[in-house]
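Trainee: I want to check the labels on this model one by one. Can we set each value against its cut-off?
Mentor: Yes. Bring up the model and ask away.

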Amino acid sequence: MDYHLDTARALINERMREAEQHRLAHALRLKTRAEAKSRRARLLLARLAA
């Protein structure tokens with residue numbers, strides 16, 4: 001019985017780590033995309049102001 005509980009806990013922990021890594025990667029992609037959009041917006045505003 002303990003073996004099954006340990007196996008289940010290990011599986012849950014692994015899936016939680018994978019989910020955390022996925023969330024971090026997704027957040028980094030969103031941040032990178034937002035920064036790129038911000039740079040482009042500043043460039044376009046600078047062109048309009050010139």
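**Labels and their reasons**

Mentor: Start with Arg23, which sits in helix H1. Keep in mind that the model is predicted.

Trainee: Why is Arg23 called partly exposed?
Mentor: Its relative accessible area is 49%. Buried means under 20% and exposed means over 50%. Arg23, at 49%, falls in between, so the label is partly exposed.

Trainee: What makes Arg47 exposed?
Mentor: Arg47 also has its place in helix H1. Its relative accessible area is 57%. The cut-off is over 50%, therefore Arg47 counts as exposed.

Trainee: How do you know that Glu20 and Arg23 form a salt bridge?
Mentor: Their side chains come to 2.7 Å, N to O. The limit is within 4 Å, from a nitrogen of Lys or Arg to a carboxyl oxygen of Asp or Glu. Arg23 brings the nitrogen and Glu20 the oxygen, so the pair qualifies.

Trainee: Why is the link between Arg23 and Glu20 called a polar contact too?
Mentor: The polar contact limit is within 3.5 Å. The two side chains are joined at 2.7 Å, so that test is met as well.

Trainee: Why can these two side chains reach each other?
Mentor: Glu20 and Arg23 are 3 residues apart in helix H1, which means about one helical turn separates them. Side chains of opposite charge can pair when their charged atoms come close. As for exposure, Glu20 is partly exposed, at 36% relative accessibility.

Trainee: How many salt bridges does the whole structure have?
Mentor: The search finds 3. One of them joins Arg9 and Asp6.

Trainee: What makes Arg9 and Asp6 a salt bridge?
Mentor: The closest N and O atoms are 3.6 Å apart. The limit is within 4 Å, so the pair passes. Arg9 and Asp6 lie 3 residues apart in helix H1, residues 2-49, and about one helical turn separates them. Asp6 has a relative accessible area of 46%, so the label is partly exposed.

Trainee: How do you know that Lys31 and Glu35 form a salt bridge?
Mentor: Same procedure. Their closest N and O atoms are 3.4 Å apart. That is within 4 Å, so the salt bridge stands. Lys31 and Glu35 are 4 residues apart in helix H1, again about one helical turn. Glu35 is partly exposed, at 36% relative accessibility.

Trainee: What is the secondary structure of the protein chain?
Mentor: It comes to 1 helix and 0 strands.

Trainee: How do you know that the chain is not a compact globule?
Mentor: A compact globule of 50 residues would have a radius of gyration near 10 Å. This chain has 22 Å. The C-alpha trace spans about 75 × 5 × 5 Å along its principal axes. Two pairs add to the picture. Arg23 and Ala36, 13 residues apart along the chain, have C-alpha atoms separated by 20 Å. For Arg47 and Leu28, 19 residues apart, the separation is 29 Å.

Trainee: What share of the chain counts as buried?
Mentor: Of the 50 residues, 0%. Buried needs under 20% relative accessible area.

Trainee: What makes up the accessible surface?
Mentor: The total is about 4,900 Å², and 62% of it belongs to carbon and sulfur atoms.

Trainee: Where do the charges lie on average?
Mentor: The chain has 12 positive and 6 negative charges, and their mean positions are 20 Å apart.

Conventions: Residues numbered from 1 in each chain as written. Predicted model: local features only at pLDDT ≥ 70, side-chain atom pairs only at ≥ 80, totals over all residues. Heavy atoms only, no water. Helix = DSSP H or I, 4+ residues; strand = E, 2+ residues; numbered from the N terminus. Buried < 20%, exposed > 50% of the residue type's maximum accessible area, 1.4 Å probe, protein only. Rg over C-alpha atoms; globule rule 2.2 N^0.38 Å. Areas by Shrake-Rupley, 256 points an atom, 1.4 Å probe, with all protein chains shown as cover. Lys, Arg positive; Asp, Glu negative; His and termini not counted. Charge placed at Lys NZ, Arg CZ, Asp CG, Glu CD. Polar contact = N/O pair within 3.5 Å; in protein donor to acceptor, adjacent residues only side chain to side chain.
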